[in-house]
Each structure stands twice: as C-alpha cells, then as structure tokens.
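Dear colleague,

I am passing on the structure we talked about, together with notes on what turned up when I went through it. Please open it beside this message, since the notes are meant to be read against the model.

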Amino acid sequence: MCTYIAMKAAILIQRWYRRYIARLEMRRRYTWNIFQSIEYAGEQDQLQLSSFFSFMLDNFSQLNGKEPDLISHLLDPAVDTAVDPVVEDQRQCRYEHILVPESYSGPHLSFPLSVTDTNALLGAFKEQQTLHAKYVLQLLDKTQKFLKQMPNVIYVSSSYAKEITICGDLHGRLDDLLLIFYKNGLPSAENPYIFNGDFVDRGKKSIEIIIILFAFLLLYPDHMHLNRGNHEDHIMNLRYGFTKEVMQKYKTHGREILQLLQDVFSLLPIATVIDNKVLVVHGGLSDHTDLDFLNTVKRHKVKSALRLPKCSVDRKDVRTSSTRQRGGARLHSPHSTGHVPHRRKGHHTRPSSSSSSSSSSSSTPSVCSPHHRPPSPGTPCPTSMLQVPFLDSIVSLAPPQPPRDELEWKQVVDVLWSDPKTQNGCSPNSFRGGGCYFGPDVTEQLLRKHGLCLLIRSHECKQDGYELCHNGQVITIFSASNYYEEGSNRGAYVKLGPELVPHFFQYQVSRCTRKLTLQQRVSVAESSALKALQEKLFAHRSELMTAFQQHDVNNTGKISTAEWTQVVDSVLRLDLPWRTLRPRLVQLAPDGDVEYESCFDSISLGQPIPKVAPNLAETLCRYRTDLEIIFNIIDKDHSGQISIEEFRQTWKLFSSHLNMDVDDKAIDDMARSIDFNKDGSIDFNEFLEAFRVVHKLDIKEQQHG
C-alpha cells in the first residue's frame, strides 16, 4: 500500500514538473519571439531612416543654405577616400600633429605593433581606460592600408595549426570577447581566429572591440581574419549606437575617427574560405550569389549596403521615365566576371570553378530597394527586348545593361543580410527588411558548384549560441551572450581542425556571482520583452484605437479576443502569438470580452509638453529614436542645443518624407513651447525625454524603493 501511494505521488510530482517546465518553455519561446520581432522591425525602420537621410541630403540646403558636414561626408562622400592617396597623406599628417598630454595614463602604441602593445590594450580596457585619439587614428590608418591589399574572399588553411576558431556577432560586448580569449587563448600563429562581422553597435564597448581586433590583425596578418557584417555600415551605426559612442568618447577627434572608420569598414573582406571546403560569411546566400563574381567586386565602393549606388539611382530615374514612354520593358542583362583575385601571402588560392554562372529559379525583388533583382552574373538573360520602330519595320534592340555598381551592391547585400529558411527556394527577407531567405536547395547548389561542404554564418541570435540547419550544411554562430536581456542567450564559438569537424564551445557572461535559476532567467527576460512590446503598442495607439472602435460599433469599450488579436496583428505586423500574450497585455471584462483600452494602462509619456496635440505626441514617441539620430547630426558642436529654425525645418522634412499630415502651426507651437528659456535654441535631450515611454509600474517601484 505504501509503495502504491509513493508511486502515485511520484507520478503526480512528475506530471506537475512537466507542466511547470512546459509553461516555462512556452514563456521562453514567446519572449524570444517578441525580442526577435521587435529587433527585425527596428531594422525595417532603419531602412526607412536611411531613405530619409538620402531625402535629407537633397533637401537640407534649406537649413542655413548648406548641409551639415558630417552627414554630407558620411552619406554622400564626394571622393572615394578609401583609395585616395591624397586623403591618406592628409590624415597621416593630421594625426602626427596630435599631441598626447603628459596627464594621459592610458596605453601608448608604437608601430609596428608588438605583443606588448596588444597586452597593454587588453589590460587598459579591462580597467575602463580609453585609448588616446592619436593612437586610434594611427591604428585605423595602418589597418586601412593593410586591408587595401586584401582580396574580397580570403583563403586560409587549417593545416598549419591544430584548429581555427570562428566567432560570430559581438555587438560591442567587450566582456564576451575577453571571455573568449580567456577560455580559448589569444590570437597567435598557433591559435588563428576568424571574426565573422558585427563587431559594433548595440553594446557600449564597440570602439574597444575594433581596436583590439584591428591590433591583432596587424600583429598576426596571416592568422587573424575579419569578415564584414551588416553593422559595419555607417548608416546602421547612426541608429544602433556606435556613432554616438565614438562622439561621446572622442569629442575632439570623433568626426575624423568616424570618417576613417567608414573607409575601413568598406575595405573589410566579404568572405573567408577554409581549406577550400568551408565558406564563412556574415549573413548568407541568395540564388544569385556567385563567389567568382564576388571576388571581382570593388568592395570599397559599397560604403553602405543600405544605399543603392548613386549612379544606379540616377539611372533608374531615367529608366523609369523612358519605360513610361515606351511601354515598360524589363531590363535584364548578362554580365561577365573579371580579373583573378589577389592572392594572400601564405594562403591557398582556391581552384577556379568549372562554371562562372549560377542558376536561378526566379527573379525576386530586392527588399533593400523597390527595384528588381538582376539575374546572376553570367546567366543568360530573359528574352525581354525593346521594340523600336525603324522606318517601315520593327527592329529588336537589347535593353541597356544594369550598371556594374548595382550588380556588385546586390551581391554584397545578399551576403551580409540573408537568413536561412527551412523551405526550398529563395525569397525576399521581408521580415528583416534586407537580403533574402535561402532554402536548403540554394545552399546545396552553391556548395556543390564551388566544391564546398559547409557554410558558417552569423547574423542571427540563437539561444544556445549556435544552430545547425539545412541538413547540417549551415551553421549559425553567435558570440554575444545576454544579447536581448540578462540570461536571454548563451554565446558560442566553433573550432575546426584539419578534419573540418565542428566543435562548439558555449559560455555566458554573468554580472553576479550567483547563477540565476531557469525560472529567474525566464522571468527577467519575459519582463523586459513585455515592456518593449507595450511600448510598441503605445507608439501605435491611434491606429489601434481606430481599428478597435471599428469593431466596437456600440462603443462599449470591449471587443472579442479574436477581434483584438486580428487588430494588433494587422497594425503591428510582428508575427507574434497574440492569443498567448493576451493575458499579459490586456484585461478581460466579466463577460469574457477584451477591454481594449487597458493595453495602454501601464504606460505613459514622460512629461507631456503643453500645446502638443495627442496625435503629434504619439508620432514623436514612435519616431523618437530616428529624431534623436537626426538631431545629433545637426548638433555639430554637441552642445545638446539646436536652433528653433533647424528644428522646424528638420521636422517638416521628416514629416514630408513619411507622408505624415502634420500642420505647420502645430510644429511652430511645439517649437516655441519647448524653448523654455526663450533664447531661440532647443535642448533636444529634454525634448526627447518628454516623449520617452514610461512604465507606471517602474515608477511605483522607484517611489517605494
């Protein structure tokens, strides 16, 4: 009898525990979905913001008759400074005349670098010290000159070392990099590394990370390899924090550092091939990716993957006009590849492929621009022809070729921005806003064509730090632990030996000595994710309320759960399990219907400014991050102050670009109301703080704390 009772109790405990773990797993999964959906929605917003920057360059002459110097250089450089020897000489003269004061207590660098220098950098950054601007500029200058000699695709061998280590995204998290070096050893001839892009943005130590990586690159040029990521892009840096970090840490020489970094980033190699068998790229592939063509790309011209080359934009304007007149011909053309890539000292040169063409099942539009994707270089073009009347007959002429810059740009975009999917085929990556989704068949096709067996990529945060897909032919490696929130994910790196068998190593940086339980980790991450989602709801309050009220014909303040789910899904477009999330976001009435206004109860604006209409306040809240970027660009002296006229013109441009109907009088009233001391200037940090979403629960906790 006692045995029976004990067995029954054990079964009950087991069932309870399984249900408990299942509930935790459900919370963990929807928390992860919230973080990823909001992250990718932010990248879509970035594409819209980069489009505004182009618009701003064309229209900013209204402000004092000239453009701000930094934005004009960053977004539309007049010369290709990455390869201009005159500009290089000027920069070298400039940093040579910078004096290092005696009071400076940080590391001093001497070139060529030695192990002593890299050790000094690591020790200084552990102690929260900052490298002097003179040494930063000198390091970047040396790195630029070195990278100019490198090919687009680097070929390395593992036969000279026991194993080679591949690391994924770091995103400004210095603690993760230091932990990797502690566990795996510093880069050296016996311990080679590949860092697969996205060194900067989001984290607070981006400049320290690239200083360390570039220093080891110069110290061990044949054993330290850096691929470009989609965040090695000056327009991405404007939104995701790296530009702001540099300007805060280097107030005097920050602009020079950023201008030089723009060139250095554009010179980073695009891919690395290990033992002619393993391809390492940051994002992924498309059905048009061609390594032979990629080797011939003038990568320094692709300053930003978010901007179509200017000549292509101008050409498309002409093409659109011509198409309207002639009836709309599709413009596709074949393209041949060019020279043999430069061979890196001490490395293998990959044997040429038997064919330089790549097949494509369909022509899909590029998501980074509204234009059609060109066919793969070297692929026979469709039979689209322009019919031109000539005397009494019709003569068929081949359409004009798309410019080479555009073909190169699209190849780079796909490699930096694409993600794998489980279904076959290739389609636009509409969720992220750039690149493609590529299926197992696309992976198999490219690997087989180039004699490869494995693709290693990064670009996506994974809960365990790594993930295998496409029948084990694709590995995703992500090295920034706690990416979304403390405990949200592990970081990882992968090691390959001569047998090319991957070995994964996981880790997680922890700020506290006591490890959090699974329940605590899930709760912390879930709370952060729900706050971010509530802010998203608040930023779209007007649209949501309009849609809710269309279903609430009797004005009861209630709608069904199905109607509420349909509305939030259609307005926010985040692809989330809204029915599962509903209890955490909104209250139910006694009859089971949703009280839809309750989803805004827990949040409010910081300190609403008088004379600002609610709809305008909501718009400002929604685009607060974008406005902060724009204002920081306009504020050349970093005083935190901009003129009222600059504020008016910038906001008019922004609202015009987004096709928002904002009354000029409302903008003027708002500008006057936030000029608190009536000196004709606006403290936009205080202004933006007024439109920051505040969680009422946080306020209560602070008051009771």
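**An annotated span**

The end C-alpha atoms of residues 539–574 lie 14 Å apart, and this span is 67% helix and 6% strand. Please bear in mind throughout that the model is a predicted one. The span comes from UniProt, where an unreviewed entry places the feature "domain: EF-hand" at residues 539–574, 622–657 and 662–697.

**Aromatic contacts**

Across the whole structure, the search finds 17 aromatic pairs. One of them joins Phe-35 and Tyr-484, whose ring centres are 4.8 Å apart with the planes at 0°, so this pair is stacked. Phe-35 belongs to helix α1 (residues 2–59), whereas Tyr-484 sits in the loop between β14 (474–477) and β15 (491–496), so the contact ties together parts that are 449 residues apart in sequence. Both Phe-35 and Tyr-484 are buried.

A second pair, Trp-564 with Trp-578, is edge-to-face, with 6.3 Å from centre to centre and 85° between the planes. Here Trp-564 is in helix α17 (residues 561–572) and Trp-578 is in helix α18 (residues 578–585), and the two residues are 14 apart in the chain. Trp-564 is buried, as is Trp-578.

Returning to the stacked pair, Phe-35 and Tyr-484 are also members of a cluster linked by ring pairs, in which Trp-32, Phe-35, Phe-478, Tyr-483 and Tyr-484 take part. Elsewhere, Arg-239 lies over the face of Tyr-240, at 6.0 Å from the ring centre.

**Strand β5 and its partners**

Strand β5 (residues 271–274) is covered on both faces, with Ala-271 and Val-273 on one side, Thr-272 and Ile-274 on the other, and all four of these residues buried. The general pattern behind such a reading is that side chains in a regular strand alternate between the two faces of the sheet.

With strand β1 (residues 153–156), β5 pairs in the parallel sense over four bridges, and Val-156 stands opposite Ile-274 of β5. With strand β6 (residues 278–281), β5 runs antiparallel, and four bridges again join the two; in this case Val-273 stands opposite Leu-279 of β6. The hairpin of β5 and β6 has three residues between the strands, and Asp-275 there takes a positive phi near 55°.

**Helix α13**

For helix α13 (residues 404–417), a rise of 1.5 Å a residue over its 14 residues should give a span of 20 Å, which agrees with the 20 Å between its end C-alpha atoms. The helix is mostly covered, since twelve of the 14 residues are buried. Among the buried residues of α13 are Trp-409 and Trp-417, as well as Glu-406, Glu-408, Lys-410 and Asp-414.

**Cysteines**

How many disulfides does a search of the whole structure find? The search finds zero. The sulfur of Cys-426 has its closest cysteine sulfur in Cys-436, and because the two are 3.9 Å apart, they are too far from each other for a bond; the cut-off applied here is 2.5 Å. Cys-426 is buried, with a relative accessible area of 8%, and Cys-469, at 18% relative accessibility, counts as buried too.

With best regards

Key. Residues numbered from 1 in each chain as written. Predicted model: local features only at pLDDT ≥ 70, side-chain atom pairs only at ≥ 80, totals over all residues. Heavy atoms only, no water. Buried < 20%, exposed > 50% of the residue type's maximum accessible area, 1.4 Å probe, protein only. Phe/Tyr/Trp six-rings, centres within 6.5 Å; stacked < 30°, edge-to-face > 60°. Lys NZ or Arg CZ within 6 Å of the ring centre and 35° of its normal. Expected span 1.5 Å × (residues − 1). UniProt positions renumbered as here; feature names shortened; annotations may be inferred. Pairing = 2+ DSSP bridges.
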